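Open your viewer and keep the selection tool at hand. We will go from stop to stop, with something to select at each one.

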Amino acid sequence: MRSRTDLTGRTTGAGDLGQPVLAGIVTAVVGFTSSFAVLLTGLTAVGASPAEASSGLFVCCLTMGVGSVLFSLVTRTPVTLAWSTPGAALLAGAAAPDGGYASAVGAFAVAGLLYVLTGLFSPLARLVRAIPLALANAMLAGVLLVLCVQPFRALVDEPAAVAPVLMTWLVLLRVARRWAVPGAFAAAVVVIAATGSLSAVDSSAVAPQLTWTAPGFDPATVLAIGIPLYLVTMTSQNIPGAAVLASFGYDAPLRPALFYAGGATVATAGLGGYSINLAAISAALAAGPEAHPDPGRRWVAGVSTGVTHLALGPLAAAVAAVAVAAPPGLVAAVAGVALLATFGSAAASAMGDADHREAATVTFVVAASGVAAFGVGAAFWSLLAGGLYLLVMGHRTQARACH
């Protein structure tokens, strides 16, 4: 067996790489199949055409893949990047901006610029950390609620198409939880094939393509999409992602990751690259003992994750074309079940903080209402309402009321 020496001076045999390589492949495949429907739904909701949405899926895979490979190789740490699933959910719950998709693209670029500035200026990072986590989670939970009820509404409207998806998801939750959402997606593909919907897919639409949209800058859209996208990605992805790596004994390269993610988002916003970040939930698959018993070997899983994302990227157009051809409600059902765990975690975190529970409740209700005013959507108003409640009531008053 051939072997080589890694940067730690330890000898790594080729056979020793099998476990982390497989872990990286699983990390990428599970992440992709579990949330691509959310990404496509989000971009479509803010005005993207099917070609623009598939371009966004493609470019996110590319930038995630390159970042995962580079950071894992350079730091010898299992650093994995992901698209912002909470951010995509935020987009899915937003109203289409008055300026069209171009103004949404401009908001993506603003969010990317804010990631870079957060990495450059510590005061901005401290300001983000000063936002009560309960309010950020309440905003996310309120936005997600609208999406999480869709599978059950779709079940009533299209029982023959949606029931197999939900049953597959439920059974796999019991026997192989990690594969529950990918299994639901596989069931959806079977349903699409069985209904003959695949015949509507144009063969020319499955070729990989990148579609450029010139950014437009609209203050209302920045407030409605750009700022909430930045906040939810920082609080739900980047900061928890660094914490996940720390829990396994790794120093997360948070500042370099923010530079890269922000720069990549600004550069690719016109191609649909709405936001990438440190992986949070899926990070544990590559950084934990399942990847390799020796923490010094797990960086290979990070590289493998990145390479797999690069391989999945060219499939984006085909995936988007199939999603467009799917029976009504089917893609929404997959997206909804994919977000249930995230919703539960966000809601529990928001309401579990007794000191901020009432403010979090106000934030949640406003976000779930979908209210929009002056061209600005509910995500922004929910944070404003929760913050105003805290300002008026005061921390001590609220704490006493909750005891």
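Before the first selection, one cut-off: a residue is called buried when its relative accessible area is under 20%, exposed when that value is over 50%, and partly exposed in between. The model you are looking at is predicted.

**Stop 1: a tilted ring pair**

Begin with Y230, which has a relative accessible area of 4%. Because the cut-off for buried is under 20%, Y230 counts as buried. Now add Y115, which is buried too, with a relative accessible area of 0%. The ring centres of Y115 and Y230 are 5.8 Å apart and the planes meet at 35°, so this pair is tilted. Colour the two helices next: Y115 belongs to helix α4 (residues 101–120) and Y230 to helix α10 (residues 219–247), so the pair ties together parts that are 115 residues apart in sequence.

**Stop 2: more rings**

How many aromatic pairs does a search of the whole structure find? There are eight aromatic pairs. Select F36 and F185 for an edge-to-face example, with 4.8 Å from centre to centre and 80° between the planes. F36 sits in helix α1 (residues 18–45) and F185 in helix α9, so far along the chain that 149 residues separate them. Is each ring buried or partly exposed? F36 is buried at 4% relative accessible area, whereas F185, at 22% relative accessibility, is partly exposed. Add F32 and W83 to the selection, and you have a cluster of F32, F36, W83 and F185 linked by ring pairs.

**Stop 3: the nonpolar core**

W83 leads on to the next stop. The largest nonpolar core has 105 residues, and those touching the most other members are L40, L43, L57, W83, F108 and Y274. Pick F108 and show its surroundings. Beyond residues up to four places away in sequence, F108 touches L43, V46, L91, Y101, I225, L229, T265, A269, G273 and Y274.

**Stop 4: helix α8**

Select residues 159–175, which form helix α8. At 1.5 Å a residue, these 17 residues should span 24 Å, and the end C-alpha atoms are indeed 24 Å apart. Highlight A161, V162, V165, L166 and W169, the buried residues of α8. Look down the helix axis: the buried residues of α8 fall within an arc of 110°, so they line one face. Turn to the other side of α8 to find A160, R174 and V175 exposed. What do the buried residues of α8 pack against? Their partners are α7 (150–157), α9 (180–194) and α15 (330–352).

**Stop 5: helix α14**

Move to residues 316–325, helix α14, which is mostly covered, with seven of its ten residues buried. Select A316, A317, V319, A320, A321, A323 and A325 to see the buried ones. These buried residues of α14 pack against α1, α2 (50–75), α13 (299–312) and α15.

**Stop 6: two last selections**

In helix α2, look for S68. S68 is buried, at 0% relative accessibility. Setting aside neighbours within four places in sequence, S68 is in contact with V79, T80, L81, G302 and G306. Finish with R76 and W299: the charged end of R76 sits over the ring of W299, 3.9 Å from the ring centre.

Terms used
Residues numbered from 1 in each chain as written. Predicted model: local features only at pLDDT ≥ 70, side-chain atom pairs only at ≥ 80, totals over all residues. Heavy atoms only, no water. Core = buried A, V, L, I, M, F, W, Y, C linked by side-chain atoms within 4.5 Å. Buried < 20%, exposed > 50% of the residue type's maximum accessible area, 1.4 Å probe, protein only. Contact = heavy atoms within 4.5 Å. Helix = DSSP H or I, 4+ residues; strand = E, 2+ residues; numbered from the N terminus. Expected span 1.5 Å × (residues − 1). Arc of directions from axis to C-beta. Phe/Tyr/Trp six-rings, centres within 6.5 Å; stacked < 30°, edge-to-face > 60°. Lys NZ or Arg CZ within 6 Å of the ring centre and 35° of its normal.
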